[in-house]
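Colleague: I'm new to this one. Could you show it to me and let me ask how you know what you say?

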Amino acid sequence: MAEFVGAIDQGTTSTRFMVFDRAGTEIGRHQIEHRQLLPGAGLVEHDALEIWENTRKCIAVALGETGLAPGDLAAVGITNQRESVVVWDRATGLPCHNVIVWQDTRTDRIVAELDRDGRGDVIRDRTGLPPATYFSAAKVQWLLDKDPDLRVRAERGEVLFGTMDSWLLWNLTGRHLTDVTNASRTMLMNLATLQWDDELLGFFDIPRAMLPEIRSSSEVYGHADAVLPGVPIAAAIGDQQAALFGQTCFAPGEAKCTYGTGNFVLLNTGTTPVRSTHGLLTTVGYRFGDQPPVFALEGSIAATGSAVQWLRDQLGIIGSAAESETLAARVDDSEGVCFVPAFSGLFAPYWRSDARGAIVGLSRYHTAAHITRAALEAICYQTRDVAEAMARDAGTSPDCLKVDGGVTANALCMQLQADILGVPVSRPAVAETTALGAAYAAGLAVGLWRSTSELRANWREDRRWQPAWSPDRRDEGYARWKAAVDRSLNWVSVS
């Protein structure tokens with residue numbers, strides 16, 4: 001068998017292709033950013049064809065730079081930004097509209113109506129999700145409502161819907177498929193059956209004919225065409241579930257936090273779903289073949305890396321994301337400034353689409369350094385919000401938080417995370433655990449690895465941050481954060 005496995009990591013801001021060996025060591029990668037299309041306030045779109053072309057380029061360049069051929073890959077796995085929606089023509093393969101991205105809030109009125117007539121309670125019960133602009137179903141409804149001809153074609157099965165994993169699988173193999181983790185983020189899949197639910201489809205008036213078939217996260221979906229001729233595409237798994245997998249959080253009670261465009265904390269709850277009563281999501285963590293699914297509690301936070309990007313691109317107070325650490329380190333603390341980055345409302349555990357970004361506590365004394373430090377603290381306080389909710393829902397909280405993603409390169413932010421949570425924060429040797437998780441799932445499907453115990457043996461710690469704040473300082477800072485959150489609410493009308 002070939003000794004290497006590849007992973008397509010299709011994220012919110014970029015696409016990369018990575019290659020790993022049996023030890024989980026990175027052999028090579030190539031990454032390309034794609035455009036963020038912002039046609040109006042609250043609207044976020046991507047070009048699906050641009051993303052597919054970038055995927056092709058990333059594969060070709062990464063293999064070329066490592067000197068590998070497609071035949072050297074035992075399998076390839078896909079991991080992807082979740083909830084973002086593509087609708088494309090079955091015959092031509094061309095998109096019917098730009099990708100509507102998970103951050104987009106154009107469906108706020110559709111979502112608000114769900115709770116007014118009782119449909120919201122059914123959605124919560126069957127899917128583990130609250131009605132929110134975040135998820136896929138309302139985006140599809142918006143597209144079909146906007147274009148009656150598109151709806152007619154959808155009912156005839158002439159146009160297809162998918163999340164980004166489905167779009168890539170279609171272009172790689174010609175098959176219309178998705179996995180349980182991505183399907184569980186649509187508000188259309190029943191957690192009890194792991195299948196599309198007819199009543200939920202009716203809520204959003206979405207024709208079943210346009211939906212992909214739901215499969216497990218780790219199995220051979222098909223073999224790639226000319227891009228990776230003959231290589232098995234053997235995994236599809238949403239990015240945050242892939243990171244849970246890559247961090248080898250295989251036991252109930254183990255948790256990870258991925259810091260990317262948003263911030264996502266997942267707690268493994270085992271083979272029985274835990275229903276949240278404190279603002280978290282009940283979601284599928286992963287499923288191997290025909291084995292029982294493993295579930296997770298998730299706290300999804302909308303603005304993490306994007307808050308730092310906003311400081312760079314909109315305010316211009318830093319020239320790069322790395323400068324956020326340097327600038328924030330110029331001051332010992334934020335001196336009472338709080339930054340609530342609710343650009344798309346607040347996600348877990350609040351689920352308030354009426355919230356908007358706020359910087360409070362400013363005086364003439366404060367500088368760009370204080371605002372930047374407050375932005376880093378906001379990342380960490382949002383994580384604490386989720387950790388508090390997990391402790392209430394699951395009756396447990398991790399005694400160490402495994403972390404990954406781009407923001408973990410910011411040592412000051414990770415120290416703040418340990419201080420604000422009051423538990424150690426651990427970064428693995430392979431920081432790109434999302435891609436690694438997709439590679440692991442693909443390798444397991446084809447027998448490159450035989451068990452999860454082999455994957456655990458690969459995990460290595462790179463650095464650990466210990467909490468240094470006193471309990472009084474931690475509680476005082478959290479109380480100030482909660483007060484700032486209150487001031488960000490009721491800012492826009494969604495009725």
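Modeller: Sure, here are the labels and what stands behind them. This is a predicted model, where local features need pLDDT of at least 70, side-chain atom pairs count only at pLDDT 80 or more, and totals for chains, interfaces and linings use all residues. Residues are numbered from 1 along each chain as its sequence is written, and side-chain values use heavy atoms, with hydrogens and water left out.

Colleague: What makes the protein as compact as a globular protein of its length?

Modeller: Its radius of gyration, taken over C-alpha atoms, is 21 Å, close to the 23 Å that the globule rule gives for 495 residues, so the description fits. That rule is 2.2 Å times the number of residues to the power 0.38.

Colleague: How do you know that the "binding site" residues gather at one spot?

Modeller: UniProt, in an unreviewed entry, places that feature at Thr12, Thr13, Ser14, Thr261, Gly305, Gln309 and Gly406; such annotations may be inferred rather than shown by experiment. They span 395 residues in sequence, yet no two of their C-alpha atoms are more than 13.9 Å apart, so they do gather.

Colleague: Why is Ser14 called buried?

Modeller: Buried means under 20% relative accessible area (1.4 Å probe, protein chains only). Ser14 has 5%, so the word applies.

Colleague: And why is Gln309 called partly exposed?

Modeller: That term covers values between the 20% limit and exposed, which is over 50%. Gln309 comes to 29%, so it counts as partly exposed. Leaving aside neighbours within four places in sequence, Gln309 is in contact (heavy atoms within 4.5 Å) with Thr13 and Gln314.
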